Amino acid sequence: MMIDLTETTTGAIIDALRQARLRLGGVASGMVLTLVIVTDEGEQYDAVRSATVAARQHPCRILVVIIRRPKDRSRLDAEIRVGETAPGETVLLRMYGPLAQHADSVVTPLLLPDTPVVTWWPGMPPLVPAEDPMGTLAQRRITDAAAADAPEDTLIKLAAGYHPGDTDLSWTRATPWRSLLAATLDQPSGLITGGTVRAEAGNPTADLIAAWLSHTLGVPVATEPSGGPGITEVSFGTSDGEMSISRPDGRVAHLCRPGQPERRVALHRRDTTELLDEEFRRLDPDDVYAETLAQLRPQLTAPMI
Amino acid sequence: MIVNPLRDPRDRRIPRVAGPSVLILFGVTGDLSRKKLMPAVYDLANRGLLPPGFSLVGFARRDWEHEDFAQVTYQAVKEHARTPFNDTVWQQLSEGIRFVPGEFADDAAFDHLARTVAQLDEERGTSGNYAFYLSVPPKFFPEVVAQLKRSGLSDPQPGPDGRKPWRRVVIEKPFGHDLASARELNEIVNSVFAPDSVFRIDHYLGKETVQNILALRFANTMYEPIWNRGYVDHVQITMAEDIGIGGRAGYYDGIGAARDVIQNHLMQLLALTAMEEPVSFDAASLRAEKEKVLSAIRLPEDMATGTARGQYAAGWQGGLEVPGYLEEDGIAPDSHTETYAAIRLTVDTRRWGGVPFYLRTGKRLPRRMTEIALLFQRAPHLPFSATDTKELGQNAFVIRVQPDEGVTVRFGSKVPGSAMEVRDVNMDFAYGESFTENSPEAYERLLLDVLIGDPPLFPRHREVELSWEVLDPIEQFWAEHGKPEQYPAGSAGPPSAEALMARDGRAWRRL
C-alpha cells in the first residue's frame, strides 16, 4: 500500500505507518534494522530499489532522505510504502528549505527501537561520515567511494576521517577477490616476495586489495592500470615462480600456480543489492578494513611527494 | 597446518572455502542426490565456497557418458537449487563433472574410477583430495569400501611436495538397525578409513534451527537459569510427518519409526537440549557433552506403559483418502513395523533428575512438524482467583525446527477489560522474518564441512552406539509383545500414546 502525505510531520507519518500496519495484519514484526539512505531525486530510484531487494534478506525500515530546493520555505513530504515488495516499510522523506539542515529531527523519531541503524550514502559521501548529522545516528555508515567524482581521492579523504563503524562499498566489492586469494594461500606456496594488482584506472577496490595484501603479507604490492573490466589480475612473485589469478572477462577467474594445471572458477561482479546484503550481515566495526585504510594512506600519497 | 596470513579470525567477510578436491558420489540416481546433494553442490559453487577446479564424479549402474550425467545434474540444479541459476557458475562446475558407469562388484569399473580421478588431478588440479559420498543402502557398504581399498582409491599417496592428500567418506543414516549391526557397519568402514575421516550425516544437525539451540542456550543469560528441573515440568520432542511411506517400503518395513527417526534425529535433539555447556565449541568438547548426556538417559521402568507404538490405518489425511500401512505396496499384510512411536525417557543428571522427556514421531499425522517444547511448572501460588486464571496454561518455550523455523514463548497475559482475567499469549521469533531467504540448506552446510574437514556437526560412532543402547531394549520389548496399535491416517496417533501422557497427568501438544 502507498500513502502520500504532503506538508506533513513526523507524528503524522508514525500514525500512518501504524494504521497501515494494522490494516495489513501486523507485518512490521521482525524488522532487524533501520536503513537511512541519504540521496537526491536523481539517484533515489536505483538506491531504493537495491535496498528494497536487500530488505528481503534483512527486513528493515528504509528511510530515504531526499533534499529538495533549499531556497523554498520549510516543508516535509512523505511517501510511505508498506507491504509492497519487501517485508519491511519504506518512507521517502522529501525535505524543502531550511528543514534540510535539520533532517535528523525528522529521522530520529522514525528510527525503530531496539534495533541498529545503518546510514548509506549511495552517491557523494560526507568527508567525515561519523560527524555528519545522518551519520551520528547510525552505528554503521556505508559510503561508496566508487560512486564519487574522484574515487581514489575520495577514499583517501574517507580514510583520513575514518571512525569505527565506517565502511565503503569499494571494500565490500573486494570480498570475493579476497576470499579467493585467501583460499589460494590455504595451499602451500613458495615464499611470497611481492605482488601486483591490475585494474581499470581509478578503481578504489584495487587500491584496497593492494593495501590489504601488502599489510597482511608484509611485502610490497603495486597497482597497475589495465583495460578492465574492474579488477583483471592479482599476481604474486614467489620463490617458486609467478602465481596469478586473472579475470579478463569479469566472470571467470583463472588460477595459475607454478607446476600445476590452470584452475578456473566463477568470480562474478556483484550488484549493489548483494553488497548491501553483505554489509547488513555484520554491523560491528570492521577492524580489518580500518587497518587496510591506515595502510592505504601512506601507500597512495607516497608518489605525490 | 600452514599458517595463512590472509586468514584473520577478525575478518568475518571472508568465508571458509574448501580446498582443491573431488566429490565422488555413489548412488547418483537416488532422490537424495537429485533433490539435495546436486543442488547443494551448485549452491556452494554459486556462493563462491568451492575451490577452483572442484570436480564431481558420479558412479552408478547406468549406461551414461559424462554429458548425460552433467545433464541429469543440470536438471536437478534447475529444479531444486536454492540460489538463482547463473550460467557462468554452471559452466565452471560442469567442466569438472565426470561419470563412471559400473556395478559395485565390477573391478574394472573401480579401476576406471581411479583413472578418472587421477586424470582430474592432472587436468584440474584437484590435488588428490577425495571425498566419497555413499548415498547407497548400507548393505552395499562392504562391497564399495572393499573396492575403494582394492583399487587403491582409499589410500592416498604423498604428492610431489611430500604432503599426503586426504580421503573422507560420508555415510547416511541408518547407521545399522541395532547396536550389533551398527558396530559391524562401523568395523567395515573403519577397516579402510580412519575414524576421523568418517562423516556420518544426520541432516538435522545441519539445520540452522538446530544449531541455534546451542546459540540460544549458551550465548544468552535469560534461559540458562530456568533450563533445569527447578522450573521445567517436562520436555516434548516431536517429529511428525503427514506423508506415508510412499515408495520406501523396502527400506522402511522392518525398520519402523523408532529406528528411522528416534535413534538419530530425536536423540540428537534431546542431547542438544539436555547437555551441559561445552567448554568450547570444538568437535571434541561438543562430543564429550553429548556423549555424557546420552549415557545418562534412562528407560521407563515399565516398557508397557512408558512406550507406545502404532501403525496407520486407512483414513483421510489432508483431504485425501489414503491407504493404511498394511495396504501399501510391498508391505506384508501381517507386518509388525510401527509407523508411530512414543517413549518416555529420563535423564539422570542433577539438572534433569525427575524431568520426563517425551519423544514421539509418526507418519500420516495431521501435519509435518518438528519441535522441541519445554513445558514449565505452574506458579506455586497464584494471587488471582481460580476463575481469573482458568485459561492460563503452562508456560512453554518451543523451538520450532521445521517448518516455520523459529521460537515461540507462551505465557499468561491480562485480557484487556475491567476484570483481572489472565489468558495464554504467544511471543514469536520467526527465522523467516528476521533473516529471510538467507538460510543455507542443511546439506550445503554439511557438504562444505566435509570438504573442509570440520567435524562438529557430525555424530561420532560412540554417539550412535549410545543411542542404540537406549533403543535396543525398547525394540526387543516390542518384538516380544504383540503388534502395534492401529490409528486412522490423519489422526494424532494411537490411543496408547495419549494414555502414556494421561497416566502422568499430562497431554501431548496439539499437532
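This is a short tour of a predicted model, with chain A visited before its contact with chain B.

**Chain A as a whole**

Select chain A and show it as a C-alpha trace. Along its principal axes the trace spans about 70 × 45 × 30 Å. Switch to a cartoon view to find 10 helices and 14 strands. Of the 305 residues of chain A, 45% count as buried.

Next, colour residues 2–168 and 175–266 of chain A separately; these are domain 1 and domain 2. Their centres, taken over C-alpha atoms, are separated by 36 Å.

**Strand 6 and its partners**

Select residues 117–120 of chain A, which form strand 6, and show the side chains. Val117(A) and Thr119(A) point one way, Val118(A) and Trp120(A) point the other way, and all are buried.

Now add residues 33–39 of chain A. This is strand 2, which pairs with strand 6 in the parallel sense over 4 bridges. To see one such pairing, select Leu35(A) and its bridge partner Val118(A).

Then add residues 140–143 of chain A, which make up strand 7. Strand 7 and strand 6 run parallel and are joined by 3 bridges. Here Thr119(A) has Arg141(A) as its bridge partner. In general, strands of a sheet pair through backbone hydrogen bonds, either parallel or antiparallel.

**The six-stranded sheet**

Move to strands 9 to 14 of chain A. These 6 strands form an open sheet in the order 10-9-11-12-13-14, with mixed pairing. Which strands stand at the edges? Select 221–225 and 263–266 of chain A: they are strand 10 and strand 14, and each has a single partner strand, so one side of each is left without a neighbour in the sheet. Neighbouring strands of this sheet are turned by 20 degrees against each other on average, direction ignored.

Inside the sheet, select strand 9 (residues 192–199) and strand 11 (residues 231–238) of chain A. They run antiparallel and are joined by 7 bridges. Ala199(A) in this pair stands opposite Ile231(A).

Add residues 204–217 of chain A to bring in helix 8, which packs on the sheet and touches strand 9, strand 10 and strand 11. The direction of helix 8 makes about 160 degrees with that of strand 10 of chain A.

**Where chain B meets chain A**

Finally, show both chains. Here 36 residues of chain B are in contact with 34 residues of chain A. On chain B, select helix 3 (87–95), helix 4 (107–124) and helix 12 (431–434); each supplies at least two residues of the side that touches chain A. Colour that side by residue type to see 12 nonpolar, 11 polar and 13 charged residues.

Technical notes:
Residues are numbered from 1 along each chain as its sequence is written. Chains are lettered from A and ligands numbered from 1 in the order in which they are written. This is a predicted model: local features need pLDDT of at least 70, side-chain atom pairs count only at pLDDT 80 or more; totals for chains, interfaces and linings use all residues. Two residues are in contact if their C-beta atoms, placed from the backbone, lie within 7 Å. Ala, Val, Leu, Ile, Met, Phe, Trp, Tyr, Cys and Pro count as nonpolar, Asp, Glu, Lys and Arg as charged, and the others, Gly among them, as polar. A residue is buried if 20 or more other C-beta atoms lie within 10 Å of its own, exposed if 12 or fewer, and partly exposed in between; C-beta atoms are placed from the backbone. Domain bounds come from an automatic or database domain assignment. Two strands pair if DSSP finds at least two bridges between them. Axes are lines fitted to C-alpha atoms, for helices over the stretch in contact, and angles run from 0 to 180 degrees between N-to-C directions.
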